[in-house]
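This report concerns a single protein chain. Please examine the sequence and the structure before reading on.

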Amino acid sequence: MVQKKAASIIWPGTPLPRAFFDRPATKVAPQLLNKILASADGRAGRIVEVEAYLGAIDPAAHTYRGKTPRNAVMFGPPGHMYVYFTYGMHWCCNCVSGPEGDGCGVLIRALEPVHGIEHMRSARPRVRSDRDLCRGPARLTQAMGINGAQNGLDLVGALDGFTIVDDGMAPPKARTGGLRIGISAGKDFPWRWNVPGNRYVSGTTAQRS
């Protein structure tokens, strides 16, 4: 678990409250679209693609087989960040959602960079196009400076260095669930959502109802 840093974040809008995350992941995920993931160092991106993972009923969830030291944050209070290492090289970040103990969360799959873009470029110097800075879960963590040190931080209150802010832009009205990407189990659940037509979305943008 990350230690408290008291690093306040200043960003136009309101950090999402605990109650926002304290709902089923399939409700939280589409409502996260168009919110802002912001860092205390000034980097920020608009959330344009997400996936929900539903614990014990979802074979693709890290928590499907129960609690372990690796996934313990997912069983904790909603509104915390769960960060995991995958393929031996990439970090991915999630928002813990639902009642404590359920092991559910939302993977943030893509951001549209909106602030601190020079800092993002420095973090990903080989990227030629700003479109590719945060287009994918591993790319966005690198661009935003998210790694294992942020596992367990509290997104609520904007005091742990990262938060998710509502700046007044509503989620898209036309949003339906699509199939999740890059998993071998639970592939038939339509629990991926994105902002239709947004060029920063990763992979295919095809959706289904």
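Which residue takes a positive phi in the hairpin of β2 and β3? In this predicted model, the residue is Gly-42, with a phi near 100°. Four residues lie between the two strands of that hairpin.

**Strand β2 and its partners**

Strand β2 (residues 36-39) is paired with both β3 and β7. The pairings are set out below.

| Partner of β2 | Sense | Bridges | One bridge |
|---|---|---|---|
| β3 (residues 44-54) | antiparallel | three bridges | Ile-36 with Arg-46 |
| β7 (residues 162-166) | antiparallel | four bridges | Ser-39 with Phe-162 |

In a regular strand, side chains alternate between the two faces of the sheet. In β2, Ile-36 and Ala-38 lie on one side, with Leu-37 and Ser-39 on the other. These four residues are all buried, and both faces of the strand are thus covered.

**A nonpolar surface patch**

Phe-85, Tyr-87 and Met-89 make a nonpolar surface patch of about 390 Å². Phe-85 belongs to strand β4 (residues 81-86). Phe-85 counts as partly exposed because its relative accessibility is 37%.

**Confidence**

The chain has an average pLDDT of 90, and 92% of its residues score at least 70. Among the elements, helix α1 (residues 18-21) has the highest mean pLDDT, 98, and strand β1 (residues 14-15) the lowest, 92. Over residues 1-6, pLDDT stays under 50, and the model has 15 contacts beyond four places in sequence for them. Residues 205-209 also stay under 50, with 16 such contacts. Where pLDDT is low, the predicted coordinates should not be read in detail.

Definitions and conventions:
Residues numbered from 1 in each chain as written. Predicted model: local features only at pLDDT ≥ 70, side-chain atom pairs only at ≥ 80, totals over all residues. Heavy atoms only, no water. Patch = residues over 30% accessible without salt bridge, like charges linked within 9 Å, V, L, I, M, F, W, Y side chains within 5 Å. Areas by Shrake-Rupley, 256 points an atom, 1.4 Å probe, with all protein chains shown as cover. Salt bridge = Lys/Arg side-chain N within 4 Å of Asp/Glu carboxyl O. Buried < 20%, exposed > 50% of the residue type's maximum accessible area, 1.4 Å probe, protein only. Pairing = 2+ DSSP bridges. pLDDT = per-residue confidence, 0-100. Contact = heavy atoms within 4.5 Å.
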